[in-house]
There are 2 protein chains.
Amino acid sequence: MNTPRFEVIKKHIIAYIEQGDWRPGDAVPSENQLAEQFEVSRMTARRALTELTEAGVLERVQGAGTFVAEQLPTGSLLEIRNIADEIHERGHKHLAEVICLEQRTTTDAEEKLIGLPVGSVYFYSQVKHIEEDTRGKQEVIQFEERYVNSVVAPHYLEQDFTQITPSAYLSSVSPLSQADHWVEAILAPAEIEALLEIPTGTPCLKLSRRTYSYQQNPTKKQKFIVNFAVLYHPGPGYRLGGHLIAS
Amino acid sequence: MNTPRFEVIKKHIIAYIEQGDWRPGDAVPSENQLAEQFEVSRMTARRALTELTEAGVLERVQGAGTFVAEQLPTGSLLEIRNIADEIHERGHKHLAEVICLEQRTTTDAEEKLIGLPVGSVYFYSQVKHIEEDTRGKQEVIQFEERYVNSVVAPHYLEQDFTQITPSAYLSSVSPLSQADHWVEAILAPAEIEALLEIPTGTPCLKLSRRTYSYQQNPTKKQKFIVNFAVLYHPGPGYRLGGHLIAS
DNA sequence: CAGTGGTCTAGACCACTGG
DNA sequence: CAGTGGTCTAGACCACTGG
């Protein structure tokens, strides 16, 4: 009785799809039909359809109708978490070691990485993230390399990254942004293998992320890179996981 | 003029957050305040707040108010795509080679993978996915191993997986589901290295995915595994990418 | 307690699709 | 053209929070 009426309608639709009565491409009842059938206002019927559309279950075409979406679990999502949160959630302790934290000047190779002209100042950091389990056993779980736009985070060099992760600090400084990221399986360079404390030839999961923001100049809106991060995880022990729930 | 009023309100809120006037944890104006300020109904102001909440920009607490979310780019998402779609989007051709497609009986080791008791029948397939570029150059881009619940997909063995990918076929048979998935960097077993046509010791991106469904028995609802897939990609050439847009 | 967000109504006008 | 989805209104009642 307490479940909202739009939830009842959503479940009704999902049940029909799961039973195979409505197949991908089929039209589902219109807002008006559902409103009449469930004796609710059109706005309530609409909410059920809207939420199922956002979940990828349905597709809507203005003027034409609402249809069962073609494929659902095809394109799905992997969650990328903050490393400290992830470790804490396992009930373990997160330790960080700052290997390097300095100001640098862009060379040719770095120009594209951070989107600043050659000769610009930027901040560079290397941090080793360690997971300590309940018995005190320590393991290097991530080596993080970061190229940071010094205009966006002018106080980056003054932070204590054993207390706050660079990721958490940057998100507090520049809260809204766009990001591109990707993962690869690689063999890490020897110096990174040493930092991760893994034998030569161990495959690593390399996660790269570029974060953007928009300059708020009154006249023009300019997109620029806030930071470029490269995160190395020792494989095959490290899993980047996700959970997908349809609807 | 043509932009919807709730969009105007969303942009207004985002601008304040980006400028740093409203910081994470701060309260934003209530539905009633926004409704009055923008001279819209409460439902329209509400829509702006609701959509920004769904995007992770705001957080709402019933009775208390709406607040700027604490961290945004921290937990973000990697998209997992259908391999054929991904190749076609690059303007290349997707070819598939079926290495193995047969009925098997669960042994101890496989029992947990597919969630069926030892001695049950299941379907097993191995498919090699090849990308052919515009000059006709071919490259193995994925080796796919799949354990499929024969009850859910009784006609699995009759499919031509050079024409439809197993993933696309299964999603047409069991359209709504839950899934868990994760990626690891590994060294592949020698036989898989051979199938991927890569030198020994090349790191691979291993993507595992378990798909669930719910049995529609009239009396009880039982969760069971639809299929378990293991996808191997040759690294470091292969990238699993994503794009995140805040708001 | 006043104020907040969560659900819902019974209308309205609009842009768009398809026959 | 009738029917669809997209936006919007001006109300209502409720559960919940905080002082």
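Two strands count as paired here if DSSP finds at least two bridges between them. Keep that in mind for the first stop, and remember that you're looking at a predicted model.

**Stop 1: the sheet in chain A**

Select β1(A) and strand β3, residues 65-68, of chain A: 2 bridges join them, and they run antiparallel. Now pick out A:V28 and look across to β3(A), where A:T66 stands opposite. Bring in helix α3 of chain A, residues 42-54, which packs on the sheet and touches β1, β2 and β3 of chain A. The direction of this helix makes about 115° with that of β2(A).

Zoom out a little to see the whole open sheet: 3 strands in the order β1-β3-β2 of chain A, with antiparallel pairing. At the edges sit β1 (27-28) and β2 (58-61) of chain A, each pairing on one side only.

**Stop 2: the first helix of chain B**

Hop over to chain B and select residues 5-18, helix α1. At 1.5 Å a residue, its 14 residues should span 20 Å, and the end C-alpha atoms are indeed 20 Å apart, so the two agree.

Next, show the side chains of B:F6, B:I9, B:K10, B:I13, B:I14 and B:I17, which are buried. Look down the axis of α1(B): the buried residues fall within an arc of 135°, so they line one face of the helix. What covers them? Among the elements doing so are α2 (31-38), α3 (42-54), β2 (58-61) and β3 (65-68) of chain B.

Spin round to the face turned away from the buried side of α1(B), and you'll find exposed B:R5 and B:K11.

**Last stop**

Just after α1(B), click on B:G20, which takes a positive phi of about 85°.

Conventions:
Residues are numbered from 1 along each chain as its sequence is written. Chains are lettered from A and ligands numbered from 1 in the order in which they are written. This is a predicted model: local features need pLDDT of at least 70, side-chain atom pairs count only at pLDDT 80 or more; totals for chains, interfaces and linings use all residues. Side-chain values use heavy atoms; hydrogens and water are left out. Helices (H or I, at least four residues) and strands (E, at least two) are DSSP runs, numbered from the N terminus. The expected span of a helix is 1.5 Å times one less than its number of residues. Buried means under 20% relative accessible area, exposed over 50%, partly exposed in between (1.4 Å probe, protein chains only). The arc is that of the directions from the helix axis to the C-beta atoms. Contact means heavy atoms within 4.5 Å. Axes are lines fitted to C-alpha atoms, for helices over the stretch in contact, and angles run from 0 to 180 degrees between N-to-C directions.
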